Amino acid sequence: MKFGYFDDTQREYVITRPDTPLPWINYLGCEEYFGLISNTAGGYSFYRDARLRRLTRYRYNNAPLDMGGRYLYLRDNTSGKYWSPSWMPTRLKLDEYECRHGQGYTIITSKLNGIKFSARYFVPLGESLEIWQVTLTNESASDADLSLFSAIEFCLWDANDDATNFQRNYSIGQVEIAPLALEGRGDGGEGLTVIYHKSEYRERRDHFAYFACSEKLAGFDTAREDFLGPYRGWDTPLAVEEGKSRNSEALGWQPIGSHHVKIQLKAGEQKQVIFLLGYQENPKDDKFDPPGSQVINKKTVKPIIAKYLKSENADKAFNTLRDYWTMLLGKIQVTTPDEHTNRMVNIWNAYQCMVTFNMSRSASYFESGIGRGMGFRDSTQDLLGFVHMIPERARERILDVSATQLKNGGAFHQYQPLTKRGNNDVGSGFNDDPLWLVLAVSAYLKETGDWSILDEQVQYQNEPGSESPLYEHLQCAIQYTLDRPGPHKLPLIGRADWNDCLNLNCFSDTPGQSFQTTTNKDGTVAESVFIAGLFVLACKEMAGIAEHCNDQAEVDKVQKSAAEMEKIVWAAGWDGEWFRRAYDDYGHALGSKENTEGRIFIEPQGICVMAGLGVDAAPSPDGQSGSGNAVKALDSVGEHLAFQHGIVVHQPAFTQYYLHLGEISSYPEGYKENASVFCHTNPWIMVAETVVGRGDKAFDYYTRINPSAREGISEVHKCEPYVYAQMIAGKDAVKPGEAKNSWLSGTAAWNYVAITQHILGIHPAFDGLEVKPVIPSGWNGFEVRRNFRGVRYEISVKREGPGNEVSLEVDGKSIKGTIIPLPKQGTESVKVKAIVR
Ligand code: BGC
Ligand code: NOJ
């Protein structure tokens with residue numbers, strides 16, 4: 001069952017009924033000011049940091065789930081009837097409803113009582129504010145006497161404090177209600193009134209929020225209780241019911257912003273009303289105007305407000321935003337025989353990658369914005385999906401992340417976006433973390449050819465004076481694994497590796513302890529086969545980097561280390577039919593036939609095959625290359641882990657809590673890390689399938705979790721059909737196929753990489769663009785437009801035989817191999833014809 005449809009031409013998902021199985025959300029903003037917005041206008045906004053600079057209040061886990069947001073109410077003043085044109089919060093049945101989520105904007109349209117409503121929400125590039133551009137049209141045959149009320153609830157900045165520290169909060173709220181411009185001065189906005197939120201501005205904050213409206217007000221409210229009335233909620237505000245604002249001025253309690261605009265619309269008439277919600281900072285020594293008073297200095301903000309209250313400026317800003325996204329998405333555009341592939345690659349998957357770049361794992365409808373900072377491994381993997389769109393910002397991200405690396409090569413597991421400093425509460429000791437940095441830097445180098453980044457002086461642990469070139473950080477990252485061999489010489493796992501919930505040194509029997517930061521074992525026994533595979537992969541990337549830097553000693557070192565690690569994996573990490581997962585603190589294998597639960601795990605199969613283990617076709621004389629085992633491992637995945645909704649993390653699921661395994665066994669069977677389809681891992685198998693040349697299988701797995709391909713079962717999948725979710729409930733779950741935790745997941749980047757670089761096979765290499773598709777046998781070809789290092793590649797691929805052999809013709813000349821060498825300086829475009837046989 002569907003709740004909407006894709007409008008690919010507009011690059012929008014169109015939701016056609018408001019009661020989606022879960023709130024289906026979108027993001028506003030792509031620089032510093034951000035908002036989350038649901039299909040019924042729920043959500044909140046913040047400036048840079050969802051915890052520390054929250055502009056509007058949102059209550060998670062509410063009933064109904066999505067309550068609180070950017071609400072507007074319409075009231076027919078003749079009948080007294082009022083409704084929410086975004087359906088929530090009054091939930092009055094609308095005659096028409098539509099929500100269009102696009103890149104960085106959302107448009108909600110509805111109709112009731114002959115009044116057509118449309119609101120376009122977006123954040124202009126370069127500004128710290130959001131615009132709600134409302135158009136009202138009287139489509140009825142008679143004149144309409146209307147009231148339009150706005151309503152937001154201010155958050156007292158620190159979202160955590162805001163939700164907990166009421167003994168203080170209830171006394172600190174402060175607002176100002178002030179004219180936008182002085183009459184007769186002609187500076188724009190005469191007669192308009194702006195609501196300013198300035199809690200804590202009198203003391204250490206130098207920022208405030210504002211909420212403005214383009215129309216003269218019939219009234220306003222800034223005190224929640226006055227607006228709602230006693231014991232009432234957002235669904236029945238008394239001020240709206242009575243058609244009369246209270247002109248309340250909040251002091252303490254709950255400051256809100258509400259404008260009341262009266263609008264007369266003749267039959268057929270239309271009117272636009274603009275609301276602005278924004279964030280502004282003042283210099284510390286120029287906070288008040290006049291100086292010495294307690295009145296906000298509004299000199300810098302007023303021109304901004306006046307500007308965007310004009311619809312022509314708002315329209316212009318919107319068009320600029322659209323063009324910006326056309327430019328970003330235009331870096332890779334594909335035309336394949338599969339519409340789900342096309343729209344995910346061309347629009348939604350790329351868009352989601354940008355959102356994960358901006359949000360990391362901080363703010364979604366499943367991440368409250370007060371919990372996690374930027375993860376080290378999260379950020380480095382996210383980069384794989386956005387580096388081609390915003391290489392300059394990828395560069396900055398790499399430098400920020402690597403500055404939180406520790407001197408021993410390890411890493412702070414998280415850092416705070418506002419301070420860019422490692423988070424001491426979570427600390428380090430997640431032994432896979434540093435290796436992802438090598439993959440991220442390698443991807444950056446391949447995409448940009450900007451080798452200068454390796455010479456950047458980067459601190460360790462954010463300590464001034466500890467700077468060393470980024471290149472050395474990479475060497476340290478690799479050394480970190482080498483310094484930590486376990487009893488089988490496999491890498492020690494530490495607190496956890498990629499699977500955060502496989503906590504082999506935790507042994508926690510105390511409720512409430514964090515599985516990620518509690519360590520009751522000394523960590524000298526439990527080992528990870530996954531890290532071994534990741535290490536081999538990182539070494540291979542490092543070899544390529546070092547070779548380019550003419551550092552033969554490093555090339556030799558990492559190649560030798562990788563080869564040794566491979567041998568160790570064959571000796572201790574291979575179970576006969578698949579790769580083992582780990583060794584626990586007792587030295588017992590996990591992910592092995594020896595186990596009754598958790599006999600086979602997905603992650604080592606993916607990562608080891610991606611690293612090339614067991615891929616060679618011919619058996620090797622020393623018997624240590626594991627030749628052919630890659631296929632065996634992948635067949636085991638197909639047999640034991642794959643089902644219609646994707647590939648689950650492991651089987652059998654853990655049916656009870658195991659002290660020595662940790663959080664993984666805390667979840668009911670089929671959910672989260674306990675045997676759900678943890679979507680992040682699925683693309684590793686897709687990539688691995690392409691490594692062994694099985695395009696049909698790779699694409700089949702791609703399609704099973706492709707949100708667009710699952711659109712038709714939205715009532716089962718529940719999450720948005722336009723973005724990936726972190727997990728889909730597994731075979732053991734009560735509701736298999738039900739997704740959770742949409743938007744912020746490494747799933748976005750990895751699926752993007754799997755489809756674009758491995759299945760379609762357009763893969764940036766150090767010295768050129770590689771074209772090496774491994775596509776389904778039924779495809780007769782596809783086309784790609786790809787911007788690579790400033791050159792436009794127009795690639796057309798034709799299948800002429802059933803295999804994966806590729807021959808390339810570049811600008812009419814055939815070339816050897818699959819890598820298109822970099823063209824001459826100044827070349828604007830390159831035409832590539834690829835034949836697959
Ligand atoms: C979740 C993981 C997450 C971890 C760290 C766990 O409860 O299941 O997915 O990575 O917490 O926040
Ligand atoms: C989500 C975390 O953000 C990521 O770092 C982790 O690897 C996965 N969960 C799997 O546990």
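Visitor: What makes strand β39 (residues 806-810) and strand β42 (residues 829-836) a pair?

Guide: Two strands pair if DSSP finds at least two bridges between them. β39 and β42 run in the antiparallel sense over 5 bridges, so they count as paired. L808 stands opposite A834 in β42. The model is a predicted one, in which local features need pLDDT of at least 70, side-chain atom pairs count only at pLDDT 80 or more, and totals for chains, interfaces and linings use all residues. Residues are numbered from 1 along each chain as its sequence is written, chains are lettered from A and ligands numbered from 1 in the order in which they are written, and side-chain values use heavy atoms, leaving out hydrogens and water.

Visitor: Which strands are called the edges of the sheet, and why?

Guide: The sheet is open and mixed in its pairing, with 6 strands in the order β20-β37-β38-β42-β39-β40. β20 (332-335) and β40 (813-815) are its edge strands, each pairing on one side only. Neighbouring strands are turned by 20° against each other on average, direction ignored; such axes are lines fitted to C-alpha atoms, for helices over the stretch in contact, with angles from 0 to 180 degrees between N-to-C directions.

Visitor: Why is S714 classed as it is, buried or exposed?

Guide: Buried means under 20% relative accessible area, exposed over 50%, and partly exposed in between, with a 1.4 Å probe and protein chains only. S714 has 1% relative accessibility and is therefore buried. The residue is found in helix α18 (residues 714-717); helices (H or I, at least four residues) and strands (E, at least two) are DSSP runs, numbered from the N terminus. Leaving aside residues up to four places away in sequence, S714 touches M1, F3, P21, W24 and P721, contact being heavy atoms within 4.5 Å.

Visitor: What is noteworthy about phi in F507 and W743?

Guide: F507 has a positive phi of about 45° although it is not a glycine, and W743, likewise not a glycine, has phi near 85°. F507 lies in the loop between α11 (470-482) and β25 (527-528), W743 in the loop between β34 (739-742) and α19 (747-759). At 9% relative accessibility F507 counts as buried, as does W743 at 0%.

Visitor: How do you know which peptide bond at P64 is cis?

Guide: Omega is about -5° for the cis bond joining A63 and P64. P64 lies in the loop between β6 (54-56) and β7 (71-76). The bond from D289 to P290 is also cis, with omega near 0°.

Visitor: What makes E663 a polar contact of ligand 1?

Guide: A polar contact is a pair of N or O atoms within 3.5 Å; within protein, one must be able to donate a hydrogen and the other to accept it, and residues adjacent in sequence count only if both atoms are side-chain atoms. A polar side-chain atom of E663 lies 2.4 Å from an oxygen atom of ligand 1, so the cut-off is met. The side chain of Y667 has an N or O atom 2.6 Å from a ligand 1 oxygen.

Visitor: Which contacts of ligand 2 involve R377 and D500?

Guide: A polar side-chain atom of R377 lies 2.8 Å from an oxygen atom of ligand 2, while a polar backbone atom of D500 is 3.0 Å from an oxygen of that ligand.
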